[in-house]
Amino acid sequence: LILLLILVGVSSISLKDYQSAVMMPGLVICFAYLLFSVLLGSRVKTGIFGEVGFIFLGFTVAYSVMPAMNFLILDFEFPPNFDGLNFSVLNPSPPDIADHLWRHCLFVVTVMAGYLAGRGCDRKSLVSRALPAAELWVVTTVLALILGCVMTISMLSAPVEDYWSHYTRFDSLSWGARRLVYACLILKAGGYYVALVLMFSDYQRFKYAILVFVLSISAYEMAYSFGARIEALSILLAALCLYHFNVRSIRLKDGVIYFGGLLVLFTIVEFYRGANFDIDYALQDFSEKGLKVASEFGAVYYTSFHLYFERLHGTMPLADWRMLINDFFTIVPFYEHTEFNSQYWYAGIFFPDAVVPPQTMGPIADSAIWGGEIDLALRGLFTGLGYGWLARWALRSRDRLFANVAYAFLFATSVMALKYSLVYQVSQMLRTLIPAVLLVILFVNVRVGFRRGKLGESAMKSWM
């Protein structure tokens, strides 16, 4: 609070009026996040670092404040091809940029209010309730399943030469082969979270295996995707979440250090990927242009700014009403779900030659298509209430396998709700995790024998 007050004082003295106009909503967002953290800390017993609402709002604050910092650093002098996402070509003025930052602030505040209402208070500590320790053969079986899926995917993948072709590596496969790959991708992704939860249930036994698993999977996913960071980030965040609840509560100071390290690491990966993985070119670009804010943090702001610009000028392209409910149907596997996806709608209109959509949408951008600021406030409230209820359910059911895996997934992929929606994230959670969890239960029943009342029903009830 003191730091924020100092920043406000400095900004009012040293910054020009148009700079202060942009800095003010950024400071309000930071202050709101600080106040939310204090209120949340007084209501929960397990520490705020493990709260999915805290991590989601951390992402939201970063994707709001970092672009504002970049604008101030550039002093609103946008170089050619600043973003390539229909932002700088609009010649945005500081007042327009500030107005849209206030929309981000509206979303942040409504999510906070919804989360505090939906999360409620912990009446007793949940630390003593935990999933029973997993046996070695169960963990080994899940790891073997993951390895089998990885090998199948690698064998059926077409050659990939760059980041963009990574997204089309299976387009040449037959219908059946492509469905086999999709099944392997689902089981592999779900298996990651199941394996982590099972290993963290007996941390002392599996702590070195966890370290090797997390590092190897993170490296594999970044190499496999030619620099895409979302899968690696999700695995690292899931590991931190499970460590927080199963080993030792992560203090806020340590959490800031961990996230700072992740920020630096993934910023380096972005610039390295932008240099086409040429270290000499990357170093030369850094020496010539200096330190830059990672463009990833502007992804949510740029697209939503553009769509609100279209809305305010009455030039918004027509949108099919089925786009409103498309995210509910993404739970259905083996189907692309692109026809009524707002990302593909936007790319089809503004980037018709793109191989895959080059931009991010999310609740802020989607609100511009439909109801504007009122729509945005309702989306923020729904997101906060949804996360709050899901957190309350999962953290009160920590002796259940599915609740543990589901919460780790929600925590680790919370940025998905900012780039798509909470409905989309929950749909992906169910589509990804249910097959892997059911397979684990099947493995247990096959190995020990399906004995009614001893293993079959009791395993299903205690794990699900």
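**Close-up 1. F49 and F411, a buried aromatic pair.** Both F49 and F411 are buried in this predicted model. Their ring centres lie 6.3 Å apart with the planes at 55°, so we call this pair tilted. The two partners come from distant parts of the chain, 362 residues apart: F49 belongs to the loop between α2 (17-41) and α3 (52-74), while F411 sits in helix α15 (residues 401-412).

**Close-up 2. Y301 and F305, a stacked pair in helix α11.** Here the rings are 5.9 Å apart centre to centre, with 20° between the planes, and the pair counts as stacked. Y301 and F305 are four residues apart in helix α11, which means that about one helical turn separates them. Both Y301 and F305 are buried. Zoom out a little and you will find them in one aromatic cluster together with F71 and Y302.

**Close-up 3. Helix α4 against helix α11.** The axes of α4 (residues 94-119) and α11 (residues 299-312) come within 10 Å and cross at roughly 110°. Because angles of 65 to 115 degrees count as roughly perpendicular, α4 is roughly perpendicular to α11. On the α4 side, the contact is made by D96, I97, H100, L101, R103 and H104; α11 contributes V300, Y301, S304, F305, Y308 and L312. Sorted by character, the residues of this contact are seven nonpolar, three polar and two charged.

**Close-up 4. R103 over the ring of Y308.** Staying with the contact of α4 and α11, look at R103 of α4 and Y308 of α11. The charged end of R103 sits over the Y308 ring, 4.3 Å from the ring centre.

Key. Residues are numbered from 1 along each chain as its sequence is written. This is a predicted model: local features need pLDDT of at least 70, side-chain atom pairs count only at pLDDT 80 or more; totals for chains, interfaces and linings use all residues. Side-chain values use heavy atoms; hydrogens and water are left out. Axes are lines fitted to C-alpha atoms, for helices over the stretch in contact, and angles run from 0 to 180 degrees between N-to-C directions. Helices (H or I, at least four residues) and strands (E, at least two) are DSSP runs, numbered from the N terminus. Angles under 35 degrees count as roughly parallel, over 145 as roughly antiparallel, 65 to 115 as roughly perpendicular and the rest as oblique. Contact means heavy atoms within 4.5 Å. Ala, Val, Leu, Ile, Met, Phe, Trp, Tyr, Cys and Pro count as nonpolar, Asp, Glu, Lys and Arg as charged, and the others, Gly among them, as polar. Rings of Phe, Tyr and Trp (its six-membered ring) pair if their centres lie within 6.5 Å; planes under 30 degrees apart count as stacked, over 60 as edge-to-face and the rest as tilted. Buried means under 20% relative accessible area, exposed over 50%, partly exposed in between (1.4 Å probe, protein chains only). A charge sits over a ring if NZ of Lys or CZ of Arg is within 6 Å of the ring centre and within 35 degrees of the ring normal.
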